[in-house]
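Hello,

Here is the structure we talked about handing over. Please open it first, then read the notes below it.

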Amino acid sequence: MRHCALLLVLGLLCGVLAFFALSPGRGWWLPDAASTIAQPIDALFDGIGLVILLGFVLVMALLAWAVWRGARARTDRARSTHGHTGLELTWTAGVGAILVGIALAQLPTWARLRDPAEMPASGVTARVIAHQWAWRFEHPGADGVLGTADDVETASELVLPAGESVLLELRSRDVIHSFFVPELRVKQDVVPGRAIPLWFTMARAGEFELVCAELCGLGHYVMAGRVRALPRADYDAWLAARIIDARSRGAEDAR
Amino acid sequence: MSSERRGFLRTWVVSTDHKVVGIQYLVASAAMLFFGGLLALAIRWQLAWPWTEMPIVGGLVLGESGRVLSPAGYTALFTMHGTAMVFFAIIPLLTGAFGNYLVPLLVGAPDMAFPRLNAASFWIFAASIVLFFAGFGVEGGAANSGWTAYPPLATVPAAAPGSGAGQTWWLVAITVLGVSTILNALNAVVTIVKMRAPGLTWMRLPLTAWGLLVAAALQLSALPVLTAAGLLQLADRLLGTAFYTPAGLYVNAVQPDVAAGGSPLLWQHLFWFYSHPAVYVMVLPAMGFVSDILSVNARKPVFGYKPMVAAIGAIAGLGLLVWGHHMFTSGLGFEMGRAFMLSTMLIALPSAVKTFNWIATIWGGRIRLTAAMCFALGFVALFVIGGLSGLWLAATPVDVYLHDTYLVVAHFHYIVFGGTVLAVFAALHHWWPKITGRALSETLGRWHFLGTFVALNCVFLPMHQLGIAGMIRRTADPSVYQLFDRLEPLNRFVTWSAFGLMGWQLLFVANVVWSFLGGVRVGRNPWEAASLEWETPSPPAHGNFDSDLVIERGPYEYGDAAGERDFAPQARRTAPREA
Amino acid sequence: MRAFPLPYDHAVDAPRAGHVARAWDSGPPVETARFGTWVFLGSEAFFFGGLLAAYVVLRSASRAWEEPLALGLGLALTALLVASSLAASAAVRALRRGERARGAQRVLWAGLLAGLFLGLQAWEWCQLLQAGFTPQASLAGASFYVLTGAHGLHVLGGALWLLGSACALRRAGSGSLHAELAALYQHFVDLVWLVLFAILYLS
Ligand code: HEA
Ligand code: HEA
Ligand code: CUA
Ligand SMILES: [Cu+2]
């Protein structure tokens, strides 16, 4: 019986560890990072992961040992202890210190993500409009102001300059959606009735999948998009071409 | 038993005996657990083999017409799975079934403080189950905006095509259930505060009673807020008000014909103000059961009784202050996010204290690996896994990435299934002899534990990897994204394991049947336990105790100091009555 | 299958009929019932707390907030409810002195005054609805009807409880406990109204 119990606890321990050790190699892990904020976030993830791992191994080891020993002796009685103030204080203070440490460690990253003081002053790079079940994007064009004739509109694909900080304005036309790009480690709900700012810096050029992460109705699962990061020169060229497009289309409409 | 002459109806249907009400709750909520499990299988089928014909379960859950799921069907599935499990299975199992059965026994009272109110709360619960199922039958199907029912998806009928009336039924069912739960919690609090036997001081109360008491207090304070929020959402849906509907919506390219100006985030605050404490309602009583069972089977007192009580209180108190951690990415704001992160970090501390006290309780004990003990040990191991992954989620920058991914799903299933459901099985094995007068099979019980433990880890462990790889929850078909393609084997593995897990529960059903047919009859105190419920006959007659009790000590006097036997009962019987 | 593993106390003793008599066999003692009512009121306070929190949040986020309420009417409503509460107090005092008939009469008055409150409020609702102050028209309207509606339902409950206990007082030898608890409830409902009055009519 107790062999069985020991095997179970140790099996759980080893199974969990082995599975976690195996996963990154299979791609069952954090996708390759593509933004500058990803680095501190992944570091926090790893750091807290380590604490979790140690806590888990400690608890399992203690549990296994206590059960192994305790299930052996059947004849005599257990020693009746009601507690130990020193022990209580030790583990309360120990875990408390770890928790406070974790709390403090993440404050700078949270500030970089959400503190309004960190918002880039350069103005809105693009407006993101979410609706059931697709994404639309508006760029301010050459004049840097949204809502003018040279605005550039795209659907499904958001093109942004790589290597510099971008500022998005998130809006929804109907229900709550969520702007999630796993490789950039950014996620922000898009709440109707509000314009929510979101900023980040893409570390490299490339194409990244844009996921809607908040339940938004039956088409939630198909509300996919793409973020394409271009080097600055390519981005400017892309934008210029689209502005001319938009103008000529406007002219056609006028005729 | 005297009940034989009172007829089936009087004994089992209209009785006000707290034990009968508890058993009624047990049957109803176990059925809901089973139903929620079926829905979970349908969810898993869809995630492993999207849009394919579902065998057996499909016929049961979707009806003959709909063996292949529709997108709306999938959203309804997880909405109703979450609702059934949280509100109709786990909470009623803990506070309704065990709460009702155990509270008077643990405090030495003949019944609940208000027996008729108690019976009423069960029947209101039954009515809410009917309302819950009624939602499946209406035009457009059951509610499909998640168990969290975020507006405007939940309030603007046009936003969730298919869910015309389903959401309204859902709201009504939840509100009615809330009334039942509040009455039930009221009874528990009054009984424990006012009807303790002579000498049963606060510091002599078993931790099960503490867990149930504090959970009931949480219900009384947080649940009315959900009721209020639900009324506002009902008004939005039925009266056309706009508490949660902001201005300027275009749904399906038309401006919906509703009032505007409200705040969608208001609902989230009110909902989580209840539903975060609700997760502790789902774990505090379970922690109580486990403390008692570990102590009895390790033949040692609970280590650090007072810190344990303090931890229960701290979890409940802080639990009312951390709801914002479900909203880190909702546009909550920088400072609020920081404040809620800090309070969430703090709330992990009392749980850690409890964990170490459990280990210290069995440390150096003389452990009897009964089935109940196995399940209780399983609870500790799995609660720790679920709790620790909560630390990832509590860290705001990490949660920005992990929010609404399967890591969240893994986190809470480890606690609610690995933790609470195992604790419920532990409690069933432990108190079954008291409830029925017959033992469950230990052998079957241990096999049931073994398979359940292995299978549930196979189900919920890989969900961590799914979440870390970015797979979002509430998606009907992860293959839409290339990023998630490589996760297909994991998803299939999880599904196979879920089928195994569900199938393995048949062993428990078999055990129940075995117990009724041939289970050993037991006396008053088969486990040599010290607390009060074991002073009664098994099963206790209406009125519970057949002698007057004087409580002389705490509930955990086990081990060497205790006298001729290795435990000292809590109570001295005075004036025993002869039959 | 193995035998039951723990041999101790294997002897099956049949449950003995009946149970030990306790003070609360004849129904809950006064203390328990009163405590239960207090706990219930605490829970109710959270209910109204939730509604009021929603009100405050919505109102502070809105630019326009028009509540075309007549202060005079509000004062009249307040007077009715306070009077009901006072009558209930007087009833309890009379009952404590053992004057049952007088107590019953006062309880009846308390219930009737609460009923009057509801009547007046219904009239106010009609007026406001006709004036275009509807729940659909504005958030202010929606909040007004939900707040006063939820409160009104509680007044209704209180009134029925008071009237029921008035009947009970007339007939049997019991009922004074009910009257006392109903009075307590009425005070609570009154208190909630004072808060509502302050935020709806006075600001
Ligand atoms: C019974 C249920 C239960 C319990 C007890 C908990 C406990 C905790 N939960 Fe969980 N949670 C849920 C059920 C539960 N949760 C559910 C259902 C959801 C999702 C709802 C939805 O969106 O649908 C959720 C979601 C959720 C979120 C939101 C995630 C998101 O949506 O983005 C967060 C974030 O902070 C969180 C955190 C925590 C924390 C910190 C604890 C802590 O209380 C855990 C404390 C325990 C431990 C820490 C382990 C024991 C300690 C030790 C072994 C000592 C060693 C430790 C150290 C060295 C630190 N939970
Ligand atoms: C609270 C309890 C609870 C429990 C126990 C479970 C149990 C299970 N859950 Fe669930 N789940 C939730 C609560 C719960 N869940 C919630 C709140 C959500 C979120 C919903 C939302 O997003 O809105 C969710 C969502 C959720 C998802 C995500 C869906 C999505 O986001 O798209 C998945 C996916 O795999 C899943 C799977 C499972 C599985 C396989 C089980 C298995 O463990 C099931 C195994 C089967 C059983 C447990 C039944 C066996 C019982 C008996 C045979 C009766 C026994 C008799 C007695 C006890 C007397 N659940
Ligand atoms: Cu849009 Cu989910
Ligand atoms: Cu929470």
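Across the interface of chain B and chain A, 22 residue pairs are in polar contact, both residues at pLDDT 80 or more. The model is predicted. The rule finds 1 salt bridge across this interface. Arg474(B) and Glu214(A) form it, with their closest N and O atoms 4.0 Å apart. That sits right at the cut-off, which is 4 Å.

On the chain B side, several helices take part. Each of these supplies at least two residues that touch chain A: H4 (71–107), H8 (264–281), H10 (305–319), H11 (334–362), H12 (371–394), H13 (396–402), H15 (442–468) and H16 (488–504). H11(B) gives the most, with 16 residues. By class, this side of chain B has 75 nonpolar, 29 polar and 17 charged residues.

Now the extent of the interface. In chain B, 121 residues are in contact with 97 residues of chain A. About 9,100 Å² is buried between the two chains. Carbon and sulfur atoms give 72% of that area. Phe334(B), Arg366(B) and Tyr401(B) supply 8% of the area that chain B buries against chain A. No other three residues supply more.

As for the other chains, 2 pairs are in contact, and chains A and B share the most contacts. Chain A and chain C do not touch. Their nearest C-alpha atoms are 12 Å apart.

Next, the metals, beginning with ligand 2. Which residues of the protein hold its iron atom? The donors are NE2 of His81(B) and NE2 of His413(B), lying 2.0 Å from the iron. The site has 6 donor atoms, with angles of 86 to 179 degrees, and is octahedral. For comparison, ideal octahedral angles are 90 or 180 degrees. The two histidines come from distant parts of the chain, 332 residues apart. His81(B) is in helix H4 of chain B, while His413(B) is in helix H14 (residues 406–436). Helix H4 of chain B is also among the helices that touch chain A.

The iron atom of ligand 1 has a single protein donor. This is NE2 of His411(B), at 2.1 Å. His411(B) is found in helix H14 of chain B. Helix H14 also holds His413(B), a donor to the iron of ligand 2.

What lies 4.5 Å from the iron atom of ligand 1? The copper ion (ligand 4) does. Three histidines of chain B coordinate the copper: His276(B) through ND1, His325(B) through NE2 and His326(B) through NE2. Their distances are 1.9 to 2.1 Å. In sequence, the copper donors are spaced H-x48-H-H.

Last, some backbone details in chain B. Two cis peptide bonds are worth a look. One joins Pro151(B) and Pro152(B), with omega about 0 degrees. Pro152(B) lies in the loop between helix H5 (115–137) and helix H6 (166–194). Ala149(B) is found in the loop between H5 and H6 as well. Its phi is near 50 degrees, a positive value in a residue other than glycine.

The other cis bond joins Ser538(B) and Pro539(B), with omega about -10 degrees. Pro539(B) is in the loop between helix H17 (506–518) and strand E1 (548–551) of chain B.

Best wishes

Conventions:
Residues numbered from 1 in each chain as written. Chains lettered and ligands numbered in written order. Predicted model: local features only at pLDDT ≥ 70, side-chain atom pairs only at ≥ 80, totals over all residues. Heavy atoms only, no water. Contact = heavy atoms within 4.5 Å. Buried area = accessible area lost by both parts, 1.4 Å probe. Salt bridge = Lys/Arg side-chain N within 4 Å of Asp/Glu carboxyl O. Polar contact = N/O pair within 3.5 Å; in protein donor to acceptor, adjacent residues only side chain to side chain. Helix = DSSP H or I, 4+ residues; strand = E, 2+ residues; numbered from the N terminus. Nonpolar A, V, L, I, M, F, W, Y, C, P; charged D, E, K, R; others polar. Donors = N, O, S within 2.8 Å, 3.2 Å for Na, K, Ca; no water. Tetrahedral: all angles 85-135°; square planar, octahedral: opposite > 155°, others 65-115°.
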